[in-house]
Amino acid sequence: MELQTAHDKNQLRQAAAGLDSAGIRVAFLSNRFDGASRKGFSRADWRGPANEIAGTTLDSGVGGEWLIRTNGTALTGPYGGFALETDWLHCGTSRHTAAEVRFEIGAWSPSAYVLVPGAVYGGNRFEARKLDYAPCWTSIEERGPNAPALVTDIPRLAAGDGPSSLHLLTGDAATPAVAYYDPERGRACILLTEQRTGYGETSIHIEESADRRAAAISFRAPGVREETKYEMCTTAAPSGDSGADYANGDRLNLKFHVYLFACGSVRRLFAAFAAVRDSLTGRPELAATLPFSAAWAIQEAKFNAMNWNGEHGYYAVGTVDEKHQDWQLGWVGGGMSSYALLLEGSATSRERAQRTLDFIFGGQTAAGFFPGVFYRGRWYGDEFGSDPDREAPERWHIVRKSADALYFAAKHMLALEAIPLGRSASVTWLQGLRRLADAFVRLWDAYGQFGQWLNHDTGELLVGGSAGGAMAVGGLAWCGRLLGEARYVSVACEAGEYYYRRYTMAGVTTGGPGEILQCPDSESAFALLESYMALYETTGDRLWIGRAEEAADQCLSWCVSYDFVFPASSTFGKLGMRTAGSVIANAQNKHSAPGICTLSGDALLKLFRATGRRRYMDQLTETARNMNQYLSRSDRPVMGWDGKDMPPGYMSERVNMSDWEGADLVGEALPLSCWCETSNMLTYAEVPGIYVQRDTGLVWAPDHVTCGLETTADGGAALRVTNPTPWPASVKLLSETSTEAALPLGVCASTAWPRVRLAPGETRVLPLAE
């Protein structure tokens, strides 16, 4: 590295001063390993500008030596950031070694909110239970409406006394980063790094002192998690990590973006992170692979050929003859795929979508809820385990499933008002929807929450204390509009405020999936965003826009912000898969996935329109564009980890950047038809392929086309659109002004959007009406 100029020295001094004022000391470590066992280390403290010319010399401890030089550069923006680059030059030979940059916080708080995006929320400071997958509440004594929030054995900081640390690889995170907010001192810090160096993936380590008054955040290259690592539901799996061998002249570069700023709330931390999360890696480059309409044609054919159950009349969630692949309400797609097919499908698909509603309401219980599973003519409860001593397993029901049914059944019926099918909602559907809405109102009146699990026969709340039922807020809001029932909207507002104060304000949303106990998850975060936007659109109260912004910034933390480098020999490595825009599921099941479970993401569009904040439309574009590359096609099959090509229309939920299922499954696909197929269809049904704001010149292309505005010869505005793919494309266009964008979009708006049809490789110039 060249010696710093005077300007660089001054910026380095500023960086050192900023760290010093925040009580942060930087140290460099050279760690010696035998496999994943650390046998010793050497340490040198960074003295900032005092050693900027000579650099820092560090004995590797195994015969070699490091010369470490630093460079600091100020970053623009409102959060006081700077880039800190450390360049390590190795002299001599060292074996089984890992370099480490350690940020030591001398003034820490036990109440510090710690974030590793997509992995750790509030430090994951929950009481844990060591249970195998899938963890069952019937195996746990602490149940009931006021049960404590419990998690499985996931990486976490201690909730009480004793050692407190966690150890991850960067692939465990949606962004390779650690952030914290210290409420005692009113400040926050965001540390961004890169996924890997030339010596492999980097690891992330967070350690707290015994009295919780000091902490250290460190980054190690190559990444070595000492002794153990996380695999499904356990932090005690043997670590297969090891150090690297360094020769004379080898170089290692570790880069960081560091943001130190005054902070008075979790909200500000997430807003800052949403603004800077790609400052080090840069905005991802989006690839054009398969137009939405081409993917739709493949998926609609697959759903009608493989997912349709003609005997009982419903679209199944999968294609395998297995209980949880047949019918599950909500969550993984039951009664959700049919909404997309109702909006966009052929006459056959629309007829079958309506038959799916007949099937749903035909299974409603006396309490107004639904059994969660149906298989071979029999209804089942949602309990996953097989313990013969379970308590009434057939009646255990995941609240989120009936909440999703409330939300999507209402949208089905609103869709019938928007599209001319010659049929309106049946009396049976409307009565069933009212019974379901009434059931949620009774649940709220009795418990002041919707909980996570209930008895579907009686309505008794079996497990409370999570955000798992958050979609009921939005469902009640839409039911209030559809059914003309003010009480539904009133309860939706009360519940929305409860969920906001208990979960969104706290920065931890839990329990959306049914098989994670109450681990932090992305699904409940997105459900809250969806519900807050539904409340805004039904009440007109912009209070809910502010709530939605906070929820959306948390949602963005679950979305992968960069393109992970898969092993070259992996299936995804060979196919050149990109991860930016995919969404990490939860803190237990540490895979990313194509799309949001199980939504289109159009709430991000609605929020952008209401606020003008571009990051929400950027995220929607990245997530929508990400999905189709994971769709198996006849001309480009995706091979499952069983070694067989998946059929056309299959899309696996696994985007494994983490080795939580084993290092050999990073970049490999679970060979099943999964819920993300429904998310992909919902995206085509509800998200514009092109969004244009004519008076501001803003343009986004979530679909797989390129476009831009230009001026015509007569001074008007025109849109140039190119289809760079070998597939024909029918692209939905939403063109409006910023004034029009201030008006709520509502449900089923996409039915009125014009479509631009493009042949493969075709470019069209379209005049835009004023």
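Reader: Which residue in the turn of the β7 and β8 hairpin has a positive phi?

Author: Happy to start there, keeping in mind that this is a predicted model. Strands β7 and β8 run antiparallel and are joined by two bridges, with Val116 and Val120 as bridge partners. Three residues lie between the two strands of this hairpin. The one in the turn with a positive phi, of about 85 degrees, is Gly118.

Reader: Thanks! And which residue in β12 stands opposite Tyr113?

Author: Besides its hairpin with β8, strand β7 pairs with β12 (residues 177-182). That pairing is antiparallel and has three bridges. Opposite Tyr113, in β12, stands Tyr181.

Reader: Are the residues on the two faces of β7 buried or exposed?

Author: Let's take one side and then the other. Tyr113 and Leu115 are on one side of the strand, with Val114 and Val116 on the other. Both faces are covered, and these four residues are all buried.

Reader: Moving on to helix α11, how many of its 18 residues are buried?

Author: Helix α11 covers residues 522-539 and reaches 26 Å from first C-alpha to last, close to the 26 Å expected. Just before the helix body, Asp521 places a side-chain oxygen within 2.9 Å of the backbone nitrogen of Glu523. Just after the helix, Gly540 has a positive phi of about 75 degrees. The helix is mostly covered, and its count of buried residues is 16 of 18.

Reader: Which strands are the edge strands of the open sheet with the order β24-β25-β26?

Author: This sheet has three strands with antiparallel pairing. An edge strand here pairs on one side only, which holds for β24 (327-328) and β26 (378-380). Strand β25 meets β26 over three bridges, with Val373 opposite Tyr380. The edge strands are therefore, given that two strands pair if DSSP finds at least two bridges between them, β24 and β26.

Reader: Why is Cys519 not in a disulfide, and how far is its sulfur from the closest cysteine sulfur?

Author: A search of the whole structure finds zero disulfides, and the cut-off is a pair of cysteine sulfurs within 2.5 Å. Cys519 is buried, with a relative accessible area of 0%. The closest cysteine sulfur is that of Cys233, and a bond is ruled out because the distance is too far, at 7.5 Å.

Reader: Which cysteine has the sulfur nearest to that of Cys597?

Author: Cys597 counts as buried, at 6% relative accessibility. Cys597 is in no disulfide either. Its nearest cysteine sulfur is 8.5 Å away and belongs to Cys676.

Key. Residues are numbered from 1 along each chain as its sequence is written. This is a predicted model: local features need pLDDT of at least 70, side-chain atom pairs count only at pLDDT 80 or more; totals for chains, interfaces and linings use all residues. Side-chain values use heavy atoms; hydrogens and water are left out. Buried means under 20% relative accessible area, exposed over 50%, partly exposed in between (1.4 Å probe, protein chains only). The expected span of a helix is 1.5 Å times one less than its number of residues. A polar contact is a pair of N or O atoms within 3.5 Å; within protein, one must be able to donate a hydrogen and the other to accept it, and residues adjacent in sequence count only if both atoms are side-chain atoms.
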